[in-house]
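Colleague: I would like a close look at one helix and how it packs. After that, please carry on to the other parts that can be described.

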Amino acid sequence: MAPPASNPRASLRQTASTERLTIDPYSWYRCMGAGKPIKSPAFTLAGHPWTLVFYPGGYYPNTAYVAVFLRLEHNLLMGEQLRVIADFALVAAGGADAHARRAHHTFRQDGEISCGFAEFARRHDVESCLRGDRLVLECAARVVEDGEELRAPALPPSTLQRDLRRMLAGTAADVTIVAGGGHRFRAHRCVLAARSSVLRAQLCGPLRDAREVIELPGDLPAATGGDDAAAAADARRLLAAADLYALDGLSLACQDVLCRTVTPCTAADTYALTDRLNLPRVKTAVVEALAVCAGGVEAVKASEGFQQLAAEDAALAKELTSKVTTERHENPVRGSASREEMLVASLVLIVFVVVVPSVAFYFTR
């Protein structure tokens, strides 16, 4: 079995050097135990011998990471200090660097003799950088000059979104969601449990079931849109589902849609649902919107939704009309004038209060 080969490059100068440790075949070394290193031949940096050290089995026991260090082989600094920056990277196919990380350390006679990372990269990520069965590790090291500021390396951009997309697109999904129309899509039990307390109890709680298919209510809309009546109908169906699965964010979004889309045709259906779900904010919005509606109570009574509500729950239908009538009587200005009419009245008032006196003052100077 041939030892790992090193392919050192010529030093740019005495205080800078780029070294490569090539492990070929990597499959012979990947199962080495924790704490067992592979070393490169020594190279010179600032007049001292150094080696690049790689731990394919990890630095610590029972770890999922490989480790890499730049090591000072013979500490003969004798009171001297060396500030060193080391850029480690796995060289992937095509020569591109992958899993690049930077370390910096001040070497002293009585200090640590190595710098690097005990958790450099996960083993399965390392194997994705193999070129055939060969792994190439590169270290670009340089000594920091006196007076040069030693800055901490910038943090790499977050890969959370990429990792979540990979998870959702992968084969690890363990639940199938069946929506209206028979549409199926895969999901993850842990994600559903994190988003809904109801699903958490069903999927992960003490009374969890082992089912792998969750059927949603069949009348859920694919997306909200259209005119006010269609948007309100979609929002009501989604609001019922949000209440069923304790999705507070979706519930608030649906409530906002219902508050903005109150018409005589949609008012009764919205009022009935929000009464059942105990949502007083939406009920109040329905009453206030009908109080300024031109048709008022009569327009609501003529709607199909109100007639159905009166047949199913006469008391609730009477409550709705009574509250609208009371609101119109208690706020006669709002009840007798539309918003557009109130805006015109306000503009006329501004003209008489501000503009007319100003013009009169101008001509009487």
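Modeller: What follows starts with one helix and its neighbours, then turns to a second helix pair, a sheet and several loop residues.

The model is a predicted one. Its protein chain has 13 helices and 13 strands. Of the chain's 365 residues, 37% count as buried. Among contacts with a separation of 6 or more, 59% are between residues 24 or more positions apart.

The helix to begin with is helix 10, which spans residues 304-312. Its buried residues are Gly 305, Phe 306 and Leu 309. These residues sit on the same side of helix 10, because the arc they cover around the axis is only 95 degrees. Glu 304 and Ala 311 are exposed, and they are carried on the face of helix 10 turned away from the buried side.

What do the buried residues of helix 10 pack against? Their partners are helix 7 (267-276), helix 9 (296-301) and helix 11 (314-330).

Of these neighbours, helix 7 can be described in more detail. Two packed helices are described by the angle between their axes and the distance between the axes. For helix 7 and helix 10, the axes come within 7 Å and cross at roughly 40 degrees. An angle of that size makes helix 7 oblique to helix 10; the cut-off for roughly parallel is under 35 degrees. On the helix 7 side the contact is made by Ala 268, Asp 269 and Ala 272, and on the helix 10 side by Gly 305, Phe 306 and Leu 309. Sorted by class, the residues of this contact are four nonpolar, one polar and one charged. The residues that helix 10 brings to this contact, Gly 305, Phe 306 and Leu 309, are also the buried residues of helix 10.

A second pair is helix 6 (residues 248-260) and helix 8 (residues 280-291), with axes that come within 9 Å and cross at roughly 10 degrees. Helix 6 and helix 8 are therefore roughly parallel to each other. Helix 6 contributes Leu 252, Gln 255, Asp 256, Leu 258 and Cys 259, which meet Arg 281, Val 282 and Ala 285 of helix 8. This contact has five nonpolar, one polar and two charged residues.

Next comes a sheet. Three strands make up an open sheet with mixed pairing, in the order 12-11-13. Strand 12 (184-187) and strand 13 (213-215) are the edge strands, each pairing on one side only. From one strand to the next, the twist averages 25 degrees. Strand 11 (residues 175-178) and strand 13 run parallel and are joined by three bridges. In one of the pairings between strands, Val 178 has Glu 215 of strand 13 as its bridge partner.

Ser 196 lies in the loop between helix 3 (189-195) and helix 4 (197-204). Is Ser 196 buried or exposed? Ser 196 counts as buried, because its relative accessibility is 1%. Leaving aside neighbours within four places in sequence, Ser 196 is in contact with Tyr 245 and Leu 247.

The loop between strand 2 (16-23) and strand 3 (38-39) holds Ala 34. Ala 34 counts as partly exposed because its relative accessibility is 36%. Residues up to four places away in sequence not counted, Ala 34 touches Gly 57, Gly 58, Tyr 60 and Pro 61. The C-alpha atoms of Ala 34 and Pro 56 are separated by 7.8 Å, and the two residues are 22 residues apart along the chain.

Last come some backbone details. Most residues other than glycine have a negative phi, and most peptide bonds are trans. Pro 25 is also found in the loop between strand 2 and strand 3, and the peptide bond from Asp 24 to Pro 25 is cis, with omega near 5 degrees. Ala 46, in the loop between strand 4 (43-45) and strand 5 (48-55), has a positive phi, near 55 degrees. With a relative accessibility of 17%, Ala 46 counts as buried. Asn 62 lies in the loop between strand 5 and strand 6 (65-72). Asn 62 is not a glycine, yet its phi is positive, at about 55 degrees. At 85% relative accessibility, Asn 62 counts as exposed.

How values were computed. Residues numbered from 1 in each chain as written. Predicted model: local features only at pLDDT ≥ 70, side-chain atom pairs only at ≥ 80, totals over all residues. Heavy atoms only, no water. Buried < 20%, exposed > 50% of the residue type's maximum accessible area, 1.4 Å probe, protein only. Helix = DSSP H or I, 4+ residues; strand = E, 2+ residues; numbered from the N terminus. Arc of directions from axis to C-beta. Contact = heavy atoms within 4.5 Å. Axes fitted to C-alpha atoms, helices over the stretch in contact; angles between N-to-C directions. Parallel < 35°, antiparallel > 145°, perpendicular 65-115°, else oblique. Nonpolar A, V, L, I, M, F, W, Y, C, P; charged D, E, K, R; others polar. Pairing = 2+ DSSP bridges.
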